[in-house]
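User: I want the labels on this model justified, value against cut-off. Please start with the surface.

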Amino acid sequence: MLRHESKELLSLDEAFDKFYRGIYAFGPFFEHVLGYWKASRENPNKILFLKYEDLKEDISCQLKHLAMFLGVPFTEDEEKGGVVEEIANICSFETLKELEVNKNGSQNGIPYKVFFRKGKVGDWSNCVTPSMVERLEKLIQEKLENSSLTF
């Protein structure tokens, strides 16, 4: 579904194979991720690397980390007053998915709603075949080897 409406629809096998080989509309995924990962390790005061899995696991902790990175940490009163929880709610997957712009908006012929599925960590594995899961898990291990980055 992540394609311009004028482009030909690929089968799941074709799309997976292209992604697997790094032939992807936005370039090789793992090279992008590792590039930012390494840059964040070299310049931790300039580049913050956040993972969706970490946000889902402990959004409050990650929001505090983000605020500190931006130089605007939450005060104790703000934390006690529920500011962190309020921001977490406003920025939640569920809230963002229900915004009118994300339900009906688009850019370059791609509807924003295609970026929102369930918002569940690991749900991708339910959308592909078991052999694809196995291939992708091996590829992830290979690509991220010696990087200290994990998913």
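Analyst: This is a predicted model. The accessible surface of the protein chain is about 11200 Å². Carbon and sulfur atoms own 54% of that surface.

User: How much of the protein chain counts as buried?

Analyst: Of its 151 residues, 23% count as buried. The cut-off for that label is under 20% relative accessible area.

User: Why is the pair of Phe19 and Phe29 called tilted?

Analyst: First, the distance. The centres lie 5.6 Å apart, and rings pair within 6.5 Å. Then the angle. The planes are 45° apart. Stacked needs under 30 degrees and edge-to-face needs over 60. An angle of 45° meets neither, so the pair is tilted. A search of the whole structure finds 6 aromatic pairs.

User: What makes this pair a tie between parts of the chain?

Analyst: Phe19 belongs to helix α1 (residues 12-20), and Phe29 to helix α2 (residues 29-42). The two parts are 10 residues apart in sequence, so the pair ties them together. Ring pairs also link Phe19, Phe29 and Phe30 into a cluster.

User: Are Phe19 and Phe29 buried, exposed or partly exposed, and how do you know?

Analyst: Phe19 has a relative accessible area of 23%. Phe29 has 33%. Buried means under 20% and exposed means over 50%. Both values fall in between, so both residues are partly exposed.

User: Why is the pair of Trp37 and Phe49 called edge-to-face?

Analyst: The planes are 80° apart. The label needs over 60. The centres lie 5.0 Å apart, within the 6.5 Å limit. Both tests are met, so the pair is edge-to-face. Trp37 is in helix α2, and Phe49 is in the loop between α2 and α3 (52-57). They are 12 residues apart.

User: How do you know whether Trp37 and Phe49 are buried or partly exposed?

Analyst: Trp37 has 8% relative accessibility. That is under 20%, so Trp37 counts as buried. Phe49 has 22%. That value lies between 20% and 50%, so Phe49 is partly exposed.

User: What makes Arg41 a charge over the ring of Trp37?

Analyst: Arg41 lies over the face of Trp37, 3.7 Å from the ring centre. The distance limit is 6 Å, so the value qualifies.

User: Which ring does the charged end of Arg135 sit over?

Analyst: The ring of Tyr20. The charged end of Arg135 is 4.2 Å from its centre. That is within 6 Å, so the distance test is met here too.

How values were computed
Residues are numbered from 1 along each chain as its sequence is written. This is a predicted model: local features need pLDDT of at least 70, side-chain atom pairs count only at pLDDT 80 or more; totals for chains, interfaces and linings use all residues. Side-chain values use heavy atoms; hydrogens and water are left out. Helices (H or I, at least four residues) and strands (E, at least two) are DSSP runs, numbered from the N terminus. Buried means under 20% relative accessible area, exposed over 50%, partly exposed in between (1.4 Å probe, protein chains only). A charge sits over a ring if NZ of Lys or CZ of Arg is within 6 Å of the ring centre and within 35 degrees of the ring normal. Accessible areas come from the Shrake-Rupley method with a 1.4 Å probe; for residues, only the protein chains shown count as cover.
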